[in-house]
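User: I would like to go through the surface and backbone of this model. Please keep the answers short.

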Amino acid sequence: MSPELTALALATLLQIAQIALFAVLGNRELGVKYALSARDQGRVLSGYAARAQRAMNNHFESLSLFAIAAILCHLSQASSHITALAGWAYLGSRILYVPAYIFALTPWRTIFWVIGLGAICTLLGAALL
């Protein structure tokens with residue numbers, strides 16, 4: 001498997017871990033009874049649970065772009081040391097993004113987001129050239 005696809009697989013596992021983290025924090029705040037209900041009455045999360053939800057949602061958005069870029073890079077046979085580094089940079093930045101978002105570490109959250117976006121652009125650029 002190419003390094004870009006390995007990074008994609010691991011980034012997908014990171015997404016699953018973020019879903020689990022959000023579930024734990026959300027259940028702790030709202031209670032398991034509410035989580036198991038039909039949730040007809042909306043509730044608003046706050047603090048860590050709300051930030052974990054936003055970080056999770058952001059990763060869903062980012063992961064779709066990274067998946068496209070990694071797969072295009074792989075299919076176009078554009079894999080190189082630079083694209084491998086970009087794949088690992090994306091994964092590392094997304095791992096660091098989670099605690100930076102949950103603990104409101106300014107400006108680190110934004111820095112990690114920009115690194116991830118730059119990695120996606122690098123993969124797309126390599127696939128297009």
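Analyst: Helices here are DSSP runs of at least four residues, numbered from the N terminus. The model is predicted.

User: Which helix gives the largest share of the nonpolar patch?
Analyst: The patch on the surface is formed by Tyr-48, Phe-103, Leu-105, Trp-108, Ile-111 and Ile-115, with about 590 Å² of accessible area together. Its largest share is 3 residues, and they come from one helix, spanning residues 108-128. That helix is α5.

User: Is Ile-115 buried, partly exposed or exposed?
Analyst: Ile-115 lies in helix α5 and belongs to the nonpolar patch. Buried means under 20% relative accessible area and exposed means over 50%. Because its relative accessible area is 40%, Ile-115 is partly exposed.

User: Where does Pro-107 lie, and is the peptide bond from Thr-106 to Pro-107 cis or trans?
Analyst: Pro-107 lies in the loop between α4 (81-102) and α5. Most peptide bonds are trans. The bond from Thr-106 to Pro-107 has omega near 0 degrees, hence the name cis.

User: What is the phi of Ala-104?
Analyst: Ala-104 is found in the loop between α4 and α5, and is partly exposed at a relative accessible area of 46%. Most residues other than glycine have a negative phi. Ala-104 is not a glycine, yet its phi is positive, near 55 degrees.

User: Is Gln-77 buried or exposed?
Analyst: Gln-77 is placed in the loop between α3 (47-75) and α4. Its phi is positive, about 55 degrees, although Gln-77 is not a glycine. Because its relative accessibility is 73%, Gln-77 counts as exposed.

Technical notes:
Residues are numbered from 1 along each chain as its sequence is written. This is a predicted model: local features need pLDDT of at least 70, side-chain atom pairs count only at pLDDT 80 or more; totals for chains, interfaces and linings use all residues. Side-chain values use heavy atoms; hydrogens and water are left out. Patches are made of residues with over 30% relative accessible area and no salt bridge: like charges are joined within 9 Å, nonpolar side chains (Val, Leu, Ile, Met, Phe, Trp, Tyr) within 5 Å. Accessible areas come from the Shrake-Rupley method with a 1.4 Å probe; for residues, only the protein chains shown count as cover. A salt bridge is a side-chain nitrogen of Lys or Arg within 4 Å of a carboxyl oxygen of Asp or Glu. Helices (H or I, at least four residues) and strands (E, at least two) are DSSP runs, numbered from the N terminus. Buried means under 20% relative accessible area, exposed over 50%, partly exposed in between (1.4 Å probe, protein chains only).
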